[in-house]
Amino acid sequence: MTPEGALQAVLAGEHAAIYVYGVLGAQASQSRQPRLYDDLTQSYLVHRKRRDHLTAVIVALHGDPVASEPAYQLPNPASTAAQLVSAARTVEQRMATLYGQLVENSVEEQRRWAISALDECARRVLLFHASPTDFPGLSTPPS
Amino acid sequence: MPGEPLLTRRGALRALGGLGIVVTTTLTGGCDVRSPLSGTPSSGPTGPADLDPDVRTAAAALAAVEHALGAVLATVRVHPSLQARTTGVVAMHRAHRQALADAVPKDVRRASVAPAYTVAGRGAVAVRRLQATELGLVDTLNTLAVRAESGGFARLLASMGAATLQRLPEVAR
């Protein structure tokens, strides 16, 4: 994979993440599920900021940032609190893998940024009741 | 004095579960980058200065992981009540050690000596020191990940840093 390919792949992932978090946030109740509502809202903002950063990086490299799709398939119906949590967990796990891919295909400052994004996904997934894993961000853990 | 040959490709790929961390394309030149884990046989290093840079990085990462593992085990020996909350982090450090060990020649491993770890007598202080050690490991792994020449190896190191970060709340409990 080329470095720009990795950037575009993670940007495409961020577009999807923002869409999904938008739906999840709309489904959560701020009064009845304040903690979940806050976690979803913060996650949405984090992913939006990363999307903006990736877009700027690709433009600076004279690339054409991949556009967002009009809609994305949700990981589940997102109609219960458990489903909202599960969907958010899936988003963070998928983004961790994409950021791992970006680490692999970048150097210096860009790699440093990708590492911090991977760390953030690894931390954030715990908010949504994931268990720690030994190799977050790898497509295939070493045996 | 001739050193051991670098790890064979078969051994490296076995250690990494066929992850295939061999070569990547970098931004700097679009050239393949050597990986210590691709196992090109050589006449062997004569000292640290002759080592492949990523073998040096792997040795540093391995030393840092072994130091953290030693710190946890020493802490639990003095404070057995901490065993339950450190089971996960011990298993993780062992998995990381296993992932790195095959990439570092034995004579290089023997040459590096981890600093002694002192366990505090009070449990709360011992936990804080352990947290600081784990945080230090995260920083070290991330720094080494930035430094790594092989992209796949960088990804492995970054993954290990992220995993260590995930375990911090367990240690702090």
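This passage looks at how chain A and chain B meet in a predicted model, and then at the salt bridges in and around that contact.

Start with the interface itself. Interface size is often quoted as the accessible area that goes missing when the parts come together. Here, chain A and chain B bury about 2700 Å² between them, and 61% of that sits on carbon and sulfur atoms. On chain A's side, A:Glu104, A:Arg111 and A:Asp134 do a good share of the work: they supply 21% of the area that chain A buries against chain B, more than any other three residues. In terms of residues, the contact draws 32 from chain A and 38 from chain B.

As for polar links, 14 residue pairs are in polar contact between chain A and chain B, counting pairs with both residues at pLDDT 80 or more. Two helices of chain A, α3 (81–104) and α4 (108–127), each put at least two residues into the side that touches chain B. The largest share of that side comes from α4(A), with eleven residues. Sorted by class, the side of chain A that touches chain B has 15 nonpolar, ten polar and seven charged residues.

Now for the salt bridges. The structure holds nine over all chains, and two of them cross the interface of chain A and chain B. One of the crossing pairs is A:Asp134 with B:Arg167, with the closest N and O atoms 3.9 Å apart. This pair runs from the segment after α4 of chain A to helix α6 (residues 151–172) of chain B. At 3.9 Å, the pair makes the list because the cut-off is 4 Å. Its two ends are not equally covered: A:Asp134 is partly exposed at 25% relative accessibility, whereas B:Arg167 is buried at 11%.

B:Arg167 also has a partner in its own chain. B:Glu170 forms a salt bridge with B:Arg167, the closest N and O atoms being 2.9 Å apart. Both residues lie in helix α6 of chain B, three residues apart, or about one turn of the helix. B:Glu170 counts as buried too, at 14% relative accessibility. Elsewhere, salt bridges that share partners tie A:Glu120, A:Arg123 and A:Arg124 into one network.

Within that network, the side chains of A:Glu120 and A:Arg124 meet at 2.7 Å, N to O. The two are four residues apart in helix α4 of chain A, so about one helical turn separates them. Both ends are buried, A:Glu120 with a relative accessible area of 18% and A:Arg124 with 10%.

Terms used. Residues are numbered from 1 along each chain as its sequence is written. Chains are lettered from A and ligands numbered from 1 in the order in which they are written. This is a predicted model: local features need pLDDT of at least 70, side-chain atom pairs count only at pLDDT 80 or more; totals for chains, interfaces and linings use all residues. Side-chain values use heavy atoms; hydrogens and water are left out. Contact means heavy atoms within 4.5 Å. Buried area is the accessible area (1.4 Å probe) that two parts lose on being put together, summed over both. A polar contact is a pair of N or O atoms within 3.5 Å; within protein, one must be able to donate a hydrogen and the other to accept it, and residues adjacent in sequence count only if both atoms are side-chain atoms. Ala, Val, Leu, Ile, Met, Phe, Trp, Tyr, Cys and Pro count as nonpolar, Asp, Glu, Lys and Arg as charged, and the others, Gly among them, as polar. Buried means under 20% relative accessible area, exposed over 50%, partly exposed in between (1.4 Å probe, protein chains only).
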